[in-house]
Amino acid sequence: MKKLKSFFKEYGQIESVRFRSVMPAEGTLTKKLAAIKRKFHPDQKSINAYVVFKEESAAAKALQR
């Protein structure tokens with residue numbers, strides 16, 4: 001999450017970063033906790049992440065890149 005924030009912060013203030021399609025390595029972990037601890041299922045090939053900006057203009061700038 002820190003890398004995504006540092007990559008996109010030049011375009012504007014970031015409200016949140018959201019991870020989707022996370023498969024936890026252990027059945028006892030929630031998706032959020034698995035993302036924080038980086039404990040993904042070994043068969044996990046990719047993860048979708050969404051950066052939510054405070055201003056629509058910041059999102060437009062990021063899309064241009």
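This short presentation considers Ile14, the nonpolar core around it and the largest pocket of a predicted model.

Let me begin with Ile14, a residue of strand β1, which spans residues 14-20. Is Ile14 buried or exposed? Its relative accessibility is 18%, and because the cut-off for burial is under 20%, Ile14 counts as buried. Beyond its neighbours within four places in sequence, Ile14 is in contact with Lys5, Phe8 and Lys9 on the one hand, and with Val51, Val52, Phe53 and Lys54 on the other. As for distances, Ala49 stands 35 residues from Ile14 in sequence, and the two C-alpha atoms are 13 Å apart in space.

I turn now to the core. Which residues join Ile14 in the largest nonpolar core? They are Phe8, Tyr11, Val17, Phe53, Ala58 and Ala62, and with Ile14 the core comprises seven residues. Two or more of these residues come from β1, and two or more from α3, the helix at 56-64. Ala58 also has contacts outside its neighbours within four places in sequence, namely with Tyr11, Gly12 and Phe53.

Finally, the largest pocket has a volume of about 460 Å³. It is lined by 17 residues, and those closest to the centre are Met1, Val17, Phe19, Ala35 and Ile36. Val17 thus appears in this lining and is also a member of the largest nonpolar core. At least two lining residues are supplied by each of α1 (2-8), β1 and α2 (31-37). What is the character of the lining? Nine of its residues are nonpolar, seven are charged and one is polar.

Definitions and conventions: Residues numbered from 1 in each chain as written. Predicted model: local features only at pLDDT ≥ 70, side-chain atom pairs only at ≥ 80, totals over all residues. Heavy atoms only, no water. Helix = DSSP H or I, 4+ residues; strand = E, 2+ residues; numbered from the N terminus. Buried < 20%, exposed > 50% of the residue type's maximum accessible area, 1.4 Å probe, protein only. Contact = heavy atoms within 4.5 Å. Core = buried A, V, L, I, M, F, W, Y, C linked by side-chain atoms within 4.5 Å. 1 Å grid on protein atoms, 1.4 Å probe; cavity = no way out; pocket = protein on both sides within 12 Å on 5 of 7 lines; lining within 4 Å. Points joined across faces, edges and corners; volume = space filled by probe spheres on them. Nonpolar A, V, L, I, M, F, W, Y, C, P; charged D, E, K, R; others polar.
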